[in-house]
Amino acid sequence: MRVTVILNSKVKKRNLVYENLLKLESSHVATTLTILETDYLGHRIQLAKEASANADCIIAAGGDGTLNEVANGMMASTV
């Protein structure tokens, strides 16, 4: 399974997120694990649009704003 994680670069517990992602990868659930960190407001929308083309699963790692932008990007990619 191709998993893409869109990670808000301002997440306070980034190390914890990375530790859990490594567990996901080592459990062989993800055959390909891609982690994309955001650089600016609205970047999550762009990353989600691009990730929708190749990923089987997209994980939004952040808060409400991250989830909102990732969902909007995924929806925009299907239009």
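Me: Which residues does valine 17 touch, not counting residues up to four places away in sequence?
Reply: This is a predicted model, so contacts here are computed from predicted coordinates. Valine 17 is one of the residues of the largest nonpolar core. Neighbours up to four places away in sequence are set aside. What remains for valine 17 is Leu7, Val11 and Ala61.

Me: Which element gives the most residues to the largest nonpolar core?
Reply: The largest nonpolar core has eight residues: Val3, Val5, Leu7, Val11, Val17, Leu21, Leu33 and Ala61. S1 and helix H1 (14–26) each supply at least two of them. The top contributor, with three residues, is S1.

Me: How many residues are in the second, separate core?
Reply: The largest nonpolar core includes Val3 and Leu33. A second core is separate from it. Among its members are Ala48, Ala55, Ile58 and Val70. Its residue count is seven.

Me: Which element has the highest mean pLDDT, and which the lowest?
Reply: The protein chain averages a pLDDT of 86. Of the residues, 95% score at least 70. Where pLDDT is low, the coordinates should not be read in detail. The highest mean is 96, for H2, and the lowest is 76, for H1.

Me: How many salt bridges does a search of the whole structure find?
Reply: Aspartate 56 pairs with arginine 2 in one salt bridge. Arginine 44 pairs with glutamate 69 in another. The search of the whole structure gives a total of two.

Me: How many residues apart are aspartate 56 and arginine 2?
Reply: The closest N and O atoms of aspartate 56 and arginine 2 are 3.0 Å apart, in a salt bridge. Aspartate 56 sits in the loop between helix H2 (43–52) and strand S3 (57–61), while arginine 2 sits in strand S1 (residues 2–7). The pair therefore links distant parts of the chain, and the separation is 54 residues.

Me: Are aspartate 56 and arginine 2 buried, exposed or partly exposed?
Reply: Buried means under 20% relative accessible area, and exposed means over 50%. Aspartate 56 has 48% relative accessibility. Arginine 2 has a relative accessible area of 40%. Both values fall between the two cut-offs, so each residue is partly exposed.

Me: Are arginine 44 and glutamate 69 buried or exposed?
Reply: These two form a salt bridge, with the closest N and O atoms 3.0 Å apart. Arginine 44 lies in helix H2 and glutamate 69 in helix H3 (residues 64–77), so the pair ties together parts 25 residues apart in sequence. The relative accessibility is 9% for arginine 44 and 11% for glutamate 69. The cut-off for burial is under 20%, so both count as buried.

Me: Why are the buried residues of H2 on the same side of the helix?
Reply: The buried residues of H2 are His43, Arg44, Leu47, Ala48 and Ala51. They pack against S1, strand S2 (32–37), S3 and H3. They share a side of H2 because they cover an arc around the axis of only 130°.

Me: Which side chain makes a polar contact of 2.9 Å with the side chain of threonine 66?
Reply: Threonine 66 is found in helix H3. It is buried, with a relative accessible area of 1%. Threonine 66 touches Ile6, Asn8, Arg44, Ala60 and Ala61, leaving out residues up to four places away in sequence. The 2.9 Å side-chain partner is arginine 44.

Me: What is the length of the polar contact that joins the side chains of asparagine 8 and threonine 66?
Reply: Asparagine 8 is found in the loop between S1 and H1. At 16% relative accessibility, asparagine 8 counts as buried. Its contacts beyond four places in sequence are Thr38, Arg44, Ala61, Gly62 and Thr66. The polar contact to threonine 66 is 3.3 Å.

Me: What is the relative accessible area of methionine 75?
Reply: Methionine 75 is placed in helix H3. Its C-alpha is 9.1 Å from that of serine 52, which is 23 residues away in sequence. Methionine 75 is exposed, with a relative accessible area of 58%.

Technical notes
Residues numbered from 1 in each chain as written. Predicted model: local features only at pLDDT ≥ 70, side-chain atom pairs only at ≥ 80, totals over all residues. Heavy atoms only, no water. Salt bridge = Lys/Arg side-chain N within 4 Å of Asp/Glu carboxyl O. Helix = DSSP H or I, 4+ residues; strand = E, 2+ residues; numbered from the N terminus. Buried < 20%, exposed > 50% of the residue type's maximum accessible area, 1.4 Å probe, protein only. Core = buried A, V, L, I, M, F, W, Y, C linked by side-chain atoms within 4.5 Å. Contact = heavy atoms within 4.5 Å. pLDDT = per-residue confidence, 0-100. Arc of directions from axis to C-beta. Polar contact = N/O pair within 3.5 Å; in protein donor to acceptor, adjacent residues only side chain to side chain.
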